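Reader: I've got a structure on my screen and I'm not sure where to start. Can we go through it together?

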Amino acid sequence: METWYYEVVSIEGDYANLKRTDIESDHVKLVARALLPAEIMEGSRLKYEWMQYEMA
């Protein structure tokens with residue numbers, strides 16, 4: 001399984017906008033905060049692996 005890295009660009013209520021940092025991309029992914037670590041804030045770096053997000 002692949003490992004992807006994201007940065008939290010913004011938080012809007014129950015959702016967060018994530019941008020990939022391991023590749024060159026302008027795409028922003030909307031993810032429910034329930035799927036993310038509780039301690040995230042704008043600028044947090046996340047690792048996505050095995051269908052789970054964790055702080056990087």
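Author: Sure, and keep in mind that this is a predicted model. Let's begin with the core.

Reader: Which strands each supply at least two residues of the largest nonpolar core?

Author: That core has ten residues, among them Tyr6, Val8, Leu18 and Tyr48. In soluble globular proteins, nonpolar side chains tend to be buried together. The strands that each give at least two residues to this core are S1 (4–12), S2 (15–20) and S4 (45–49).

Reader: Is serine 44 buried or exposed?

Author: Serine 44 sits in the loop between strand S3 (28–32) and S4. Buried means under 20% relative accessible area. Serine 44 has 8%, so it counts as buried.

Reader: Which backbone oxygen does the side chain of serine 44 reach?

Author: Leaving out neighbours within four places in sequence, serine 44 is in contact with Tyr6, Glu7, Val8 and Met55. Its side chain also gets to a backbone oxygen at 2.9 Å, and that oxygen belongs to methionine 41.

Reader: What about asparagine 17: is it buried or exposed?

Author: Look for asparagine 17 in strand S2. Its relative accessible area is 13%, and the cut-off for buried is under 20%, so asparagine 17 is buried.

Reader: Which side chains make polar contacts with the side chain of asparagine 17?

Author: Not counting residues up to four places away in sequence, asparagine 17 touches several residues, including Glu7, Val28 and Leu30. One polar contact, of 2.8 Å, is with the side chain of serine 10. Another, of 3.1 Å, is with the side chain of glutamate 12.

Note on methods:
Residues numbered from 1 in each chain as written. Predicted model: local features only at pLDDT ≥ 70, side-chain atom pairs only at ≥ 80, totals over all residues. Heavy atoms only, no water. Core = buried A, V, L, I, M, F, W, Y, C linked by side-chain atoms within 4.5 Å. Buried < 20%, exposed > 50% of the residue type's maximum accessible area, 1.4 Å probe, protein only. Helix = DSSP H or I, 4+ residues; strand = E, 2+ residues; numbered from the N terminus. Polar contact = N/O pair within 3.5 Å; in protein donor to acceptor, adjacent residues only side chain to side chain. Contact = heavy atoms within 4.5 Å.
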